[in-house]
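Hi everyone, thanks for coming. Today I'd like to walk you through one small set of features in a protein model, so have a look at the picture as we go.

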Amino acid sequence: PFHFEVAFRGLVDPKNLDESLAGVKPLTQWYNSVLEQLIRETPDQYWWLHRRWREPPKKRRQRPAVAA
């Protein structure tokens, strides 16, 4: 019932790290950008545990306000 594809996009070698990826923040941004690109290409291959890149629903139900 489950069919997944595994893809490889880019490689970051700590021994030969590009200057633009030096540091945690730029490296994390690079990783997330590559991951987002793959997910947008084939969203059916991503295991949706959260709504990070999922399109927002067309109509959201409004939740009633909780009395304090």
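Let's start with the largest pocket. It is lined by 17 residues, and E5, V6, A7, L35 and L38 lie nearest its centre. What is the volume of this largest pocket? It comes to about 470 Å³. If we sort the lining by class, we get eleven nonpolar residues, three polar ones and three charged ones. If you wonder how one looks for such spaces, the idea is friendly enough: rolling a probe the size of a water molecule over the atoms shows where empty space is left.

Before going on, please keep in mind that this is a predicted model.

Now let's step back to the overall picture. The protein has 68 residues, and buried ones make up 9% of them. Its secondary structure consists of one helix and zero strands. The accessible surface is about 7000 Å², with 56% of that belonging to carbon and sulfur atoms.

Next, charges. Side chains of opposite charge can pair when their charged atoms come close. How many salt bridges does a search of the whole structure find? The search turns up two.

One of them joins R9 and E41, whose closest N and O atoms are 2.9 Å apart. This pair links distant parts of the chain: R9 sits in the segment before α1, while E41 belongs to helix α1, and the two are 32 residues apart. Are these partners buried or exposed? R9 counts as partly exposed because its relative accessibility is 35%. E41 is partly exposed too, at 44% relative accessible area.

The other salt bridge is between the side chains of R40 and E36, at 3.0 Å from N to O. Here both residues lie in helix α1, four residues apart, which is about one turn of the helix. R40 has 48% relative accessibility, so this residue counts as partly exposed. E36, at 25%, is partly exposed as well; the cut-off for buried is under 20%.

Finally, let's look at the surface. Which residues make a nonpolar patch there? F2, F4 and W47 do, and the patch covers about 460 Å². F4 is found in the segment before α1, the helix that runs over residues 24-41. With a relative accessibility of 48%, F4 counts as partly exposed.

That's my tour. Thanks for listening, and I'm happy to chat afterwards!

How values were computed. Residues are numbered from 1 along each chain as its sequence is written. This is a predicted model: local features need pLDDT of at least 70, side-chain atom pairs count only at pLDDT 80 or more; totals for chains, interfaces and linings use all residues. Side-chain values use heavy atoms; hydrogens and water are left out. Patches are made of residues with over 30% relative accessible area and no salt bridge: like charges are joined within 9 Å, nonpolar side chains (Val, Leu, Ile, Met, Phe, Trp, Tyr) within 5 Å. Accessible areas come from the Shrake-Rupley method with a 1.4 Å probe; for residues, only the protein chains shown count as cover. A salt bridge is a side-chain nitrogen of Lys or Arg within 4 Å of a carboxyl oxygen of Asp or Glu. Buried means under 20% relative accessible area, exposed over 50%, partly exposed in between (1.4 Å probe, protein chains only). On a 1 Å grid over the protein atoms alone, a cavity is a set of points where a 1.4 Å probe fits but cannot get out, and a pocket is an open set with protein on both sides within 12 Å along at least five of seven lines; lining residues have an atom within 4 Å of a point. Grid points are joined across faces, edges and corners, and a volume is the space filled by probe spheres set on the points. Ala, Val, Leu, Ile, Met, Phe, Trp, Tyr, Cys and Pro count as nonpolar, Asp, Glu, Lys and Arg as charged, and the others, Gly among them, as polar.
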